[in-house]
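Ready for some practice in reading a protein structure? Take your time with the view below, then try each exercise before you look at its solution.

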Amino acid sequence: MIVIPAGSPDLMDAHLRVRREVFCGEQGVTAAEEIDGRDEEPGTLCAVGIVDGEVIAAGRLLDLGTPVVHVGRVAVLASARGTGLGRELMRGLERLAVENTTGSLTLVLDAQEYAQGFYASLGYERTPRERFLDARIWHVEMAKQVNPEVEQERTA
């Protein structure tokens with residue numbers, strides 16, 4: 001899988017299609033909850049995961065370029081789940097965060113409770129924040145410290 005910014009109208013449409021299919025179609029999140037207006041903010045990078053020319057995954061980075069970057073809206077189409085592509089998507093999002101930030105970096109995400117084991121396997125740890133409801137789904141906050149020099153060597 002290649003993970004690239006959704007830098008064209010077609011890629012952004014595909015990014016939003018994946019999010020709507022996963023979050024709205026499968027999980028019952030309303031469109032108003034899913035499309036929160038943050039995609040167009042400065043410091044936001046929407047990305048897509050592409051396999052064989054097809055966009056099958058999406059993710060978003062908020063506050064890019066700051067010491068704390070929020071990873072969110074991570075979604076993989078049902079047909080591609082269980083194949084390791086979610087892990088590749090996360091590695092790609094982390095790479096994009098490192099490429100756009102100088103110095104030490106903390107990646108923070110709000111994981112749906114059922115998915116915290118997946119994020120833990122990628123080095124994310126729960127923060128002290130209590131579990132919380134977002135779009136009627138229980139979430140936990142998780143974080144990971146990233147050393148850009150080490151990360152760039154690992155992905156080279």
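The exercises below deal with a predicted model, and each task is followed by a worked solution.

**Exercise 1. The largest pocket**

Task: Find out how much space lies in the largest pocket, and which elements give two or more residues to its lining.

Solution:
- Step 1. Begin with the volume: the largest pocket holds about 830 Å³ of space.
- Step 2. Next, look at the lining, which is made up of 38 residues. Phe-23, Val-74, Ala-75, Gln-112 and Tyr-119 are the ones that lie nearest the centre of the pocket.
- Step 3. Now turn to the elements. Those that give two or more residues to the lining are α1 (9-26), α2 (31-34), β3 (54-62), β4 (68-76), α3 (85-99), β5 (105-112), α4 (116-120) and β8. The largest share, seven residues, comes from β4.
- Step 4. Finish by sorting the lining by class: there are 18 nonpolar, nine polar and eleven charged residues.

**Exercise 2. A residue by the pocket centre**

Task: Describe where Phe-23 sits and decide whether Phe-23 is buried or exposed.

Solution:
- Step 1. Locate the residue: Phe-23 belongs to helix α1.
- Step 2. Check the accessibility. Phe-23 has a relative accessible area of 9%, and because the cut-off for buried is under 20%, Phe-23 is buried.
- Step 3. List the contacts, leaving aside neighbours within four places in sequence. Phe-23 is in contact with Gly-28, Val-29, Glu-34, Arg-73, Val-74, Ala-75 and Gln-112.
- Step 4. Pick one of these partners, Ala-75. Phe-23 and Ala-75 are 52 residues apart along the chain, yet 7.9 Å separates their C-alpha atoms.

**Exercise 3. Two cysteines**

Task: Explain why Cys-24 and Cys-46 are not joined by a disulfide.

Solution:
- Step 1. Recall the idea: a disulfide is a covalent bond between the sulfur atoms of two cysteines.
- Step 2. Check the distance. The closest cysteine sulfur to that of Cys-24 is in Cys-46, 14 Å away, so the two are too far apart for a bond.
- Step 3. Look from the other side: for Cys-46, the closest cysteine sulfur is that of Cys-24.
- Step 4. Give the total: the structure holds zero disulfides.
- Step 5. Add the surroundings. Cys-24 is partly exposed at 22% relative accessibility, while Cys-46 is buried at 7%.

**Exercise 4. Positive phi angles**

Task: Say where Arg-73 and Arg-136 lie, and whether each is buried or exposed.

Solution:
- Step 1. Take Arg-73. Its phi is near 50°, a positive value in a residue other than glycine. Arg-73 lies in strand β4 and counts as buried at 19% relative accessibility.
- Step 2. Take Arg-136. Its phi is near 65°, again positive in a residue other than glycine. Arg-136 is found in the loop between β7 (132-134) and β8, and counts as exposed at 53% relative accessibility.

**Exercise 5. A side chain and its partner**

Task: Work out which side chain forms a polar contact with that of Glu-141.

Solution:
- Step 1. Find the residue: Glu-141 is part of strand β8 (residues 137-146).
- Step 2. Check the accessibility: at 18% relative accessible area, Glu-141 is buried.
- Step 3. Leave aside neighbours within four places in sequence and list the contacts of Glu-141: Val-108, Leu-109, Asp-110, Glu-125, Arg-126, Thr-127, Arg-129 and Phe-132.
- Step 4. Name the partner: the side chains of Glu-141 and Thr-127 are joined by a polar contact of 2.7 Å.

Notes. Residues are numbered from 1 along each chain as its sequence is written. This is a predicted model: local features need pLDDT of at least 70, side-chain atom pairs count only at pLDDT 80 or more; totals for chains, interfaces and linings use all residues. Side-chain values use heavy atoms; hydrogens and water are left out. Helices (H or I, at least four residues) and strands (E, at least two) are DSSP runs, numbered from the N terminus. Buried means under 20% relative accessible area, exposed over 50%, partly exposed in between (1.4 Å probe, protein chains only). A polar contact is a pair of N or O atoms within 3.5 Å; within protein, one must be able to donate a hydrogen and the other to accept it, and residues adjacent in sequence count only if both atoms are side-chain atoms. Contact means heavy atoms within 4.5 Å. On a 1 Å grid over the protein atoms alone, a cavity is a set of points where a 1.4 Å probe fits but cannot get out, and a pocket is an open set with protein on both sides within 12 Å along at least five of seven lines; lining residues have an atom within 4 Å of a point. Grid points are joined across faces, edges and corners, and a volume is the space filled by probe spheres set on the points. Ala, Val, Leu, Ile, Met, Phe, Trp, Tyr, Cys and Pro count as nonpolar, Asp, Glu, Lys and Arg as charged, and the others, Gly among them, as polar. A disulfide is a pair of cysteine sulfur atoms within 2.5 Å.
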